[in-house]
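Visitor: Please take a close look at one part of this model for me. I would like the side-chain contacts around it, and then how they fit with the rest.

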Amino acid sequence: MVSVPRLVVAAPSSGSGKTTVATGLMAALAARGLAVSPHKVGPDYIDPGYHALATGRPGRNLDAYMCGTDLIAPLFAHGSDGCDLAVVEGVMGLYDGASGQGELASTAQVSKLLRAPVVLVVDASSQSRSVAALVHGFASWDPEVRIGGVILNKVASDRHEALLREALDESGLPVLGVLRRAPQVATPSRHLGLVPVAERQADALDAVRAMGERVREGCDLDALLALARSAPALPDEAWEPEHHPSPASRPVVAVAGGAAFTFAYAEHAELLTAAGAEVAVFDPLHDEKLPAGTAGLVIGGGFPEMYAPELSANEPLRRAVTSLALSGAPVAAECAGLLYLARELDGRPMCGVLDASARMSERLTLGYRQAVAVTDSVLAVAGARLRGHEFHRTVLEPGAGATPAWGMHQPERRVEGFVQRGVHASYLHTHWAAAPGVARRFVEQCRG
């Protein structure tokens with residue numbers, strides 16, 4: 001049984017202040033000495049970085065599309081084990097999910113799977129009495145979604161607050177917090193959302209502290225804790241990476257990190273370790289060598305386009321990556337990793353493992369995908385089906401090699417990515433907890 005107190009922080013729409021409130025709540029409760037488990041609905045990699053700063057624990061994702069509904073509660077239990085409380089930040093609007101898939105992957109669905117009360121964050125900047133109609137509509141839309149209270153954000157004045165509270169008195173839902181406008185807490189954004197923590201560590205720490213202070217001053221923390229503690233126990237066992245007996249030697253799997261490669265799910269490293277690998281993180285911006293004894297390489301997502309000059313200038317590491325790939329060693333590259341393995345990015349030389357050229361684009365490619373492995377690779381056997389997502393503003397030409405990595409089935413049919421020697425490179429982000437055989441197969445390939 002999972003009995004961790006928990007809250008889901010949701011909103012009527014994006015831009016209402018979910019990240020500010022969720023991160024601030026995590027920080028404020030952690031400052032009270034509570035062990036807070038941070039979670040994020042959906043595939044986003046960036047918000048969990050701020051959550052980790054607020055709590056001192058890895059931010060974890062709960063994505064019902066990529067991982068399946070049956071895995072949400074077990075993944076939650078795994079991440080929240082030993083904690084006093086869990087805070088789950090929602091995605092988009094409360095009832096928004098995978099396009100054309102009903103409630104699938106929505107914050108509402110995850111709240112029901114976790115049997116967790118919802119706190120609705122409302123941007124009140126342009127309304128007064130209408131806020132009651134808005135809140136009533138969200139609270140009554142799905143009777144299985146339990147909205148336990150409201151936090152009013154971007155409130156202009158004492159008079160504005162009084163009008164909002166008077167209107168909400170008729171809704172039956174308590175006001176659990178009121179936050180005034182405070183632009184100093186804003187975090188910078190760019191083409192894929194917030195700037196990741198790894199790129200602005202000191203400023204991000206200051207922003208998280210400010211968010212925590214705002215929530216501490218503007219919200220009723222005791223009432224929020226009481227609401228979290230009202231969540232019933234879940235009859236689910238915690239997910240655990242399946243451990244496999246391994247020989248005395250553990251192959252070293254180098255995992256790209258640093259400011260250019262910040263997109264990673266915490267479970268991936270746990271799965272690699274459980275499969276018998278020694279995970280060694282390195283920074284392609286600064287390290288001129290791969291970790292000693294590297295037998296396999298994982299290069300996840302991130303922002304290589306922001307660091308193309310520095311990545312290109314690190315010629316010793318580029319040569320080392322190319323040499324490893326040409327040797328036939330297992331290499332798994334997602335999105336940013338795909339660009340790093342290309343011949344060039346925005347005209348700057350990259351590793352040249354793939355005969356393809358990448359450039360920035362005005363067009364955002366974003367969405368969930370259904371994929372099938374086209375051929376055997378270090379990650380999957382031909383015919384294996386996975387769900388993932390794409391999230392980038394770059395274009396790769398050509399988009400697929402002679403042997404593609406994936407055949408896509410949603411939203412359109414196409415092939416994508418590259419499989420050559422031991423390299424598997426693709427724009428597709430996947431969550432390995434949904435297919436633990438991926439990590440096990442990769443480590444076995446590293447053993448040769």
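Guide: Lys154 is partly exposed in this predicted model, because its relative accessibility is 29% and the partly exposed class runs between 20% and 50%. Its side chain meets that of Asp123 in a salt bridge, 3.6 Å from N to O. Asp123 lies in strand 5 (residues 118–123) and Lys154 in strand 6 (residues 147–155), so the bridge ties together parts that are 31 residues apart in sequence. Asp123 also counts as partly exposed, at 22% relative accessibility. The cut-off for buried is under 20%, so Asp123 does not fall in that class.

Now the other salt bridges. The count comes to 19. One of them pairs Arg32 with Asp222, with the closest N and O atoms 2.9 Å apart. This pair links distant parts of the chain. Arg32 sits in the loop between helix 1 (18–31) and strand 2 (36–41). Asp222 belongs to helix 9 (residues 221–229), and 190 residues separate the two. Arg32 is partly exposed, at 44% relative accessibility.

Another bridge stays inside one helix. Arg216 and Glu213 both lie in helix 8 (residues 201–218). They are 3 residues apart, about one turn of the helix. Their closest N and O atoms are 2.5 Å apart. Arg216 is partly exposed at 47% relative accessibility, and Glu213 is partly exposed at 33%. Elsewhere, salt bridges with shared partners join Asp158, Glu161, Arg165 and Arg180 into one network.

Next, the rings. The structure holds 7 aromatic pairs. Among them is Tyr65 with Tyr368. The ring centres are 4.3 Å apart and the planes meet at 20 degrees, so this pair is stacked. Tyr65 is in helix 3 (residues 64–67), and Tyr368 is in strand 16 (residues 357–373). The two are 303 residues apart, and the pair links distant parts of the chain. Both tyrosines are buried. Tyr65 has a further contact: Arg387 lies over the face of its ring, at 4.3 Å from the ring centre.

Tyr95 and Phe138 form another stacked pair. Here the centres are 5.9 Å apart, with 25 degrees between the planes. Tyr95 lies in the loop between strand 4 (85–89) and helix 5 (107–114), and Phe138 in helix 6 (residues 130–141), so this pair ties together parts 43 residues apart in sequence. Phe138 is buried, with a relative accessible area of 16%. A group of four rings also occurs: Tyr45, Phe263, Tyr265 and Phe303 form one aromatic cluster.

Backbone geometry comes last. The loop that carries Tyr95 also holds Met92 and Ala105. Met92 is not a glycine, yet its phi is positive, about 50 degrees. Ala105 has a positive phi too, near 75 degrees. Their accessibilities fall in separate classes: Met92 is partly exposed at 35%, whereas Ala105 is buried at 3%. One peptide bond also deserves a look. Glu397 and Pro398 are joined in cis, with omega about -5 degrees. Pro398 is in the loop between strand 17 (385–397) and strand 18 (406–410).

Terms used: Residues are numbered from 1 along each chain as its sequence is written. This is a predicted model: local features need pLDDT of at least 70, side-chain atom pairs count only at pLDDT 80 or more; totals for chains, interfaces and linings use all residues. Side-chain values use heavy atoms; hydrogens and water are left out. Rings of Phe, Tyr and Trp (its six-membered ring) pair if their centres lie within 6.5 Å; planes under 30 degrees apart count as stacked, over 60 as edge-to-face and the rest as tilted. Helices (H or I, at least four residues) and strands (E, at least two) are DSSP runs, numbered from the N terminus. Buried means under 20% relative accessible area, exposed over 50%, partly exposed in between (1.4 Å probe, protein chains only). A charge sits over a ring if NZ of Lys or CZ of Arg is within 6 Å of the ring centre and within 35 degrees of the ring normal. A salt bridge is a side-chain nitrogen of Lys or Arg within 4 Å of a carboxyl oxygen of Asp or Glu.
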